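Q: Could you take a close look at one part of this model, namely the way its helices pack against one another, and then at the empty space elsewhere in it? I would like a connected account that names the residues involved.

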Amino acid sequence: MDYDVIVCGGGPAGFGAAIGAARTGKKVLLLDKNSGPGGVAVYCGCPVFSGIRDFDAASRGGVAGEFAQAMEKDAFIVNNITMNSSEFAIGLTMTRMLKAAGVRMLFYATLHTVDVRNGRIRNITVSACGKNHTFTAETFVDATGDAVLARSAGAEILPYQVNETMTKTVLFRVTGVTDFDKPKLMELFPQLDFPFTYQDRFMGTIVGDGNDILLNLTAISGDALDAFELTRMDMELREQIPVVLKWMKEKLPGFENCRLSAAAPVIGVRSSCNIKGKEIITCADLDNNTPVSDPVACGGRSYGEHYVNCFSSPWRKSNSGTRAIPYGALLPEKIANLCVGGRCISIETKAVTAVRLMPVCMATGQAAGVAAALGIPEYSKLKAELQRQKCNI
Ligand SMILES: Cc1cc2nc3c(=O)[nH]c(=O)nc-3n(C[C@H](O)[C@H](O)[C@H](O)COP(=O)(O)OP(=O)(O)OC[C@H]3O[C@@H](n4cnc5c(N)ncnc54)[C@H](O)[C@@H]3O)c2cc1C
């Protein structure tokens, strides 16, 4: 075998998975099609770890907690409440931590073929710089966000309708804003004739000093698992930016003299599909706070976000508190040597928000990585190692 564990996808989940697996002493490869780790945080321009503090239970332990501490130590955090920083700081910190854990990294490598025999992945092939590379491993982690490895291996995904997944966005930033008052802007937003119907509220966050604002204001619906659709959405979202900019200057108090300072290089996909796991987290579980017998991480209980009110049945629910994420939600049916972490774990489409924030993805990733390193063991063994790694489960 080339590796003990191969982790596909280097976003928050893959980062947690690779470090968790490497800390068991196993030989680990992390691969990603991007030029470094970070996923949405780095390549979709979203250096905002919402909930790294709100989700203290999830984030203060394990790799997510160490990541927060490393960012603090290097003074990389700009806004202490949501842990805003910069893409550079996130990518650098993640790379340093992966290196320190002994993870082998391969970037610029796109997974395209998976060889499965008797319900086990034997090897995967990636395309990188015009060459194909085939790697074998005992176990694999899918941290691609879109369940690319699981789907390629023939694992089932849960039913979903494309136009009922959350909207896609190209994030952008402006500078030169004065007196940024988010609660006031959120209150005003419905009265200000925003030019695009898919956006249902004002979403902006301070990212630099008080004049630099990250805007979550472009929005579109479409199929994130189809490259032609992604291309269409990306182009249309970029065309929305100058229109929104003009609208902001004319209508948004404090934005009269703002200037565009950056736009994300890659479209941001909030959710696409989720695997069908041994256990499926449902909205009812979140509403009722159903007890979890095999907790591996801590998620939220609220669900439904980003223009869900236009879906066939509106489904937004604010439940207070957190709920544990069960081990079974990381284990796809049918593929014996695969674990899944991050936003594509086994959860009803409607409920994805409860598990998709970056600190939570790091935590489910770490659990998936440790489980993979231990050969996907019974729960008690996984729990003991997660506790040894100081995860707050
Ligand atoms: C617009 C937007 C705003 C958001 N705002 C926030 C926020 O403020 N706070 C917050 O906490 N969360 C936010 N989120 C959610 C959060 O960013 C994601 O849910 C989280 O990054 C998911 O982590 P992940 O590791 O599961 O997937 P991703 O971050 O999507 O990482 C998946 C990785 O897999 C790689 N990959 C995919 N396919 C392949 C392949 N075939 N071969 C090789 N590599 C592959 C990708 O390149 C990527 O690096 C936002 C998301 C979006 C889209």
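A: For the packing angles below, an axis is a line fitted to C-alpha atoms, for helices over the stretch in contact, and an angle is taken between N-to-C directions, running from 0 to 180 degrees. The model itself is predicted, and everything that follows should be read with that in mind.

Helix 1 is a good place to begin. Helix 1 and helix 5, the latter spanning residues 87–100, pack with their axes 9 Å apart and at an angle of about 20 degrees. Angles under 35 degrees count as roughly parallel, and helix 1 and helix 5 are therefore roughly parallel to each other. Their crossing is left-handed. On the helix 1 side the contact involves P12, F15, A18 and I19, which meet M94, M97 and L98 of helix 5. By class, this contact of helix 1 with helix 5 has seven nonpolar residues, with no polar and no charged ones.

Helix 1, which covers residues 12–22, also packs against helix 11, where the two axes come within 6 Å and cross at roughly 35 degrees. The crossing of helix 1 and helix 11 is right-handed. Helix 1 contributes P12, A13, F15, G16, A17, G20 and A21 to this contact, while helix 11 contributes M358, C361, M362, G365, Q366, G369, V370 and A373. Sorted by class, the contact of helix 1 with helix 11 has ten nonpolar and five polar residues, and no charged ones.

From helix 11 the packing can be followed on to helix 12. Helix 11 (residues 358–373) and helix 12 (residues 379–388) have axes 10 Å apart and pack at an angle of about 120 degrees, which makes helix 11 oblique to helix 12. The crossing of helix 11 and helix 12 is right-handed. Here Q366, A367, V370 and A371 of helix 11 meet L382, E385 and L386 of helix 12, and the residues of this contact divide into five nonpolar, one polar and one charged.

As for empty space, the structure holds two cavities of 30 Å³ or more. The second largest cavity has a volume of about 30 Å³, and its lining is formed by T167, T169, Y198, Q199, D200, T218, A219, R270, H306 and Y307. By class, that lining has three nonpolar, five polar and two charged residues.

Turning from cavities to pockets, the second largest pocket contains about 170 Å³ of space. Its lining consists of L158, P159, Y160, Q161, E164, T165, W315, E348, T349 and K350, and these residues divide into four nonpolar, three polar and three charged.

Methods. Residues are numbered from 1 along each chain as its sequence is written. This is a predicted model: local features need pLDDT of at least 70, side-chain atom pairs count only at pLDDT 80 or more; totals for chains, interfaces and linings use all residues. Side-chain values use heavy atoms; hydrogens and water are left out. Helices (H or I, at least four residues) and strands (E, at least two) are DSSP runs, numbered from the N terminus. Angles under 35 degrees count as roughly parallel, over 145 as roughly antiparallel, 65 to 115 as roughly perpendicular and the rest as oblique. A crossing is left-handed if the near helix is turned anticlockwise from the far one by less than a right angle, and right-handed if clockwise. Contact means heavy atoms within 4.5 Å. Ala, Val, Leu, Ile, Met, Phe, Trp, Tyr, Cys and Pro count as nonpolar, Asp, Glu, Lys and Arg as charged, and the others, Gly among them, as polar. On a 1 Å grid over the protein atoms alone, a cavity is a set of points where a 1.4 Å probe fits but cannot get out, and a pocket is an open set with protein on both sides within 12 Å along at least five of seven lines; lining residues have an atom within 4 Å of a point. Grid points are joined across faces, edges and corners, and a volume is the space filled by probe spheres set on the points.
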